[in-house]
Amino acid sequence: MKTMKTYLTFALAAVLLSSCSDDDKVTPQPEGPEYYIPTSAAMDQMFDNSLASITQNAQFDAEDGITFTSDAGTSLFIPSNCLTLNGDLVSGEVDLEFIEFYERGAMATSNKPLMGVKPNGDKAALQTGGQFYIQAFQNGEPLIMDCLSSMTVPADLTNGIENDMTLWTGNMNENGDLEWNEDQPDPDGAGEQEGVFPDIDSYYVNFNDFGWTNVDRFWSDPRPKTTLQVQVPAGFGFENSAIYLSYDGEPNLLAKLDVFDDQANIFSEHYGQIPIGLEMHIIFITEDNGEYRYATQGVTVQANDLYVIDIDDTTTGSLNELEAEIEALP
């Protein structure tokens with residue numbers, strides 16, 4: 001894919017938005033400043049760079065196993081003689097990759113929000129006790145975990161113990177977004193030792209697969225729900241920008257709008273899971289010449305709201321500056 005970027009004026013925005021209905025509340029601008037439109041490749045690279053910046057690495061002998069302590073104090077244990085490749089037991093040195101998320105800032109800059117799949121297929125926001133990526137490699141080949149491994153996750157990383165946290169597995173969907181499914185014991189009883197076991201100050205986690213693992217629960221709110229919409233500037237869409245939702249008072253939760261109407265330039269979600277009366281912040285993120293371009297907007301949700309992000313609302317900054325702004329949200 002070509003990585004050349006283009007520039008767009010509000011005059012072009014007027015053309016692109018001229019087909020919108022009055023219900024979309026679009027007021028085309030006849031003229032205005034030029035602004036930068038990234039490609040999807042540039043957006044993906046920005047997210048990948050953020051993820052690489054927090055990836056932790058270690059080496060160990062497969063015959064010995066490893067006890068690894070992360071930067072945040074999480075302890076990972078992989079037993080000896082646990083790893084296989086093409087069905088054969090692996091020996092010798094292997095490489096470990098470990099990523100951990102506890103806060104919404106890093107989740108946003110790496111495009112790793114917390115959206116869980118409900119039994120009916122709908123998606124809803126999750127509250128996390130820790131989101132992890134764990135993988136072992138030998139000579140660049142990903143290995144299979146053929147045993148039960150474990151983690152001890154300090155609960156003070158996510159504001160204390162929640163006794164209804166469970167184990168979730170993450171998979172990438174067709175749009176390249178991470179979706180979470182709650183683990184269920186196998187019908188024959190296998191895997192019954194897997195799960196999350198809360199203690200006084202830590203979560204004890206047993207799991208038997210590499211990849212994305214999460215200590216989570218569905219976030220709940222008894223208030224009536226609605227579907228909201230967020231309109232972004234012309235030229236931005238699902239492939240080169242993102243809209244996240246940060247719920248005030250919930251620093252370990254980050255939702256994402258996963259539906260995009262390219263005729264009206266509107267992000268939304270089609271499950272109607274946003275509580276009416278919720279105080280939250282909308283976060284718009286895109287790429288601009290190697291930096292983040294972003295905007296945050298505080299709102300109190302009303303039924304069927306439409307919020308508008310204007311290019312003049314945005315600013316550019318580094319990964320650290322964006323994460324600091326998101327972490328400073330209520």
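In this predicted model, C82 and C147 form a disulfide, with their sulfur atoms 1.6 Å apart. A disulfide is a covalent bond between the sulfur atoms of two cysteines. A search of the whole structure finds one such link. With -70° about the S-S bond, the link of C82 and C147 is left-handed. What does this pair link? The two cysteines link distant parts of the chain: C82 is in the loop between β5 and β6, C147 is in the loop between β12 and β13, and their positions lie 65 residues apart in sequence. C82 counts as buried because its relative accessible area is 0%.

**A small sheet**

Let us turn to the strands β6 and β12. Together with β7 they form an open sheet of three strands, in the order β7-β6-β12, with antiparallel pairing. The edge strands are β7 (88-89) and β12 (144-145), and each of them pairs on one side only. Strand β6 covers residues 83-85 and pairs with β7 in the antiparallel sense over two bridges. One residue to look for here is T84, whose bridge partner in β7 is L89.

**The nonpolar cores**

Now for the inside of the model. Its largest nonpolar core has 30 residues. Those with the most contacts inside this core are L76, I78, L83, L96, I134, M151 and V205. Several strands give two or more residues to the core, among them β5 (75-78), β8 (93-101), β10 (123-138), β13 (149-154) and β17 (202-207). A second, separate core of 28 residues includes A125, L245, A255 and L257.

M151 is a good residue to explore on your screen. Leaving aside its neighbours within four places in sequence, M151 is in contact with residues including L76, F98, F132, I134 and V205. V205 is also the bridge partner of M151 in β17. The strands β13 and β17 run antiparallel and are joined by six bridges.

Strand β17 has another partner too: β16 (residues 195-198) runs antiparallel to β17, with four bridges joining them. A hairpin joins β16 to β17 through three residues, and P198 stands opposite Y203 in β17. Is β17 enclosed or open to the outside? Five of its six residues are buried, so β17 is largely enclosed by the rest of the structure.

**Charged pairs**

Side chains of opposite charge can pair when their charged atoms come close. How many salt bridges does the model have? The count comes to seven. Three of these pairs are shown here, with the distance between nitrogen and oxygen.

| Salt bridge | N to O distance |
|---|---|
| K123 and D258 | 2.7 Å |
| D177 and K256 | 2.8 Å |
| R293 and D288 | 2.9 Å |

The pair of K123 and D258 links distant parts of the chain: K123 is in strand β10, while D258 is in the loop between β22 and β23 (259-261), 135 residues apart. K123 is buried, with a relative accessible area of 10%, and D258 is buried as well, with 16%. K123 and D258 are also linked with E179 in a network of salt bridges.

The pair of D177 and K256 has a similar story to follow. D177 lies in the loop between β14 (166-172) and β15 (178-182) and K256 lies in strand β22, so the pair ties together parts that are 79 residues apart in sequence. D177 counts as buried because its relative accessibility is 8%, and K256 counts as buried at 8%. R293 and D288 are buried too.

What about a charged residue without such a partner? E250 is buried yet has no salt bridge. The nearest side chain of opposite charge is R217, at 6.3 Å. E250 is found in the loop between β21 (241-247) and β22 (255-256). Not counting neighbours within four places in sequence, E250 is in contact with R104, Q127 and W219.

**A visitor from further along the chain**

R104 has another contact, P330. P330 lies in the segment after α4 (319-327). Beyond residues up to four places away in sequence, P330 touches R104, Y247, D248, G249 and H281. How far apart are P330 and S246 in space? Their C-alpha atoms are 8.8 Å apart, while the two residues are 84 residues apart in sequence.

Definitions and conventions
Residues are numbered from 1 along each chain as its sequence is written. This is a predicted model: local features need pLDDT of at least 70, side-chain atom pairs count only at pLDDT 80 or more; totals for chains, interfaces and linings use all residues. Side-chain values use heavy atoms; hydrogens and water are left out. Two strands pair if DSSP finds at least two bridges between them. A nonpolar core is a set of buried Ala, Val, Leu, Ile, Met, Phe, Trp, Tyr and Cys residues joined through side-chain atoms within 4.5 Å. Buried means under 20% relative accessible area, exposed over 50%, partly exposed in between (1.4 Å probe, protein chains only). Contact means heavy atoms within 4.5 Å. Lys and Arg count as positive and Asp and Glu as negative; His and the chain ends are not counted. A salt bridge is a side-chain nitrogen of Lys or Arg within 4 Å of a carboxyl oxygen of Asp or Glu. A disulfide is a pair of cysteine sulfur atoms within 2.5 Å.
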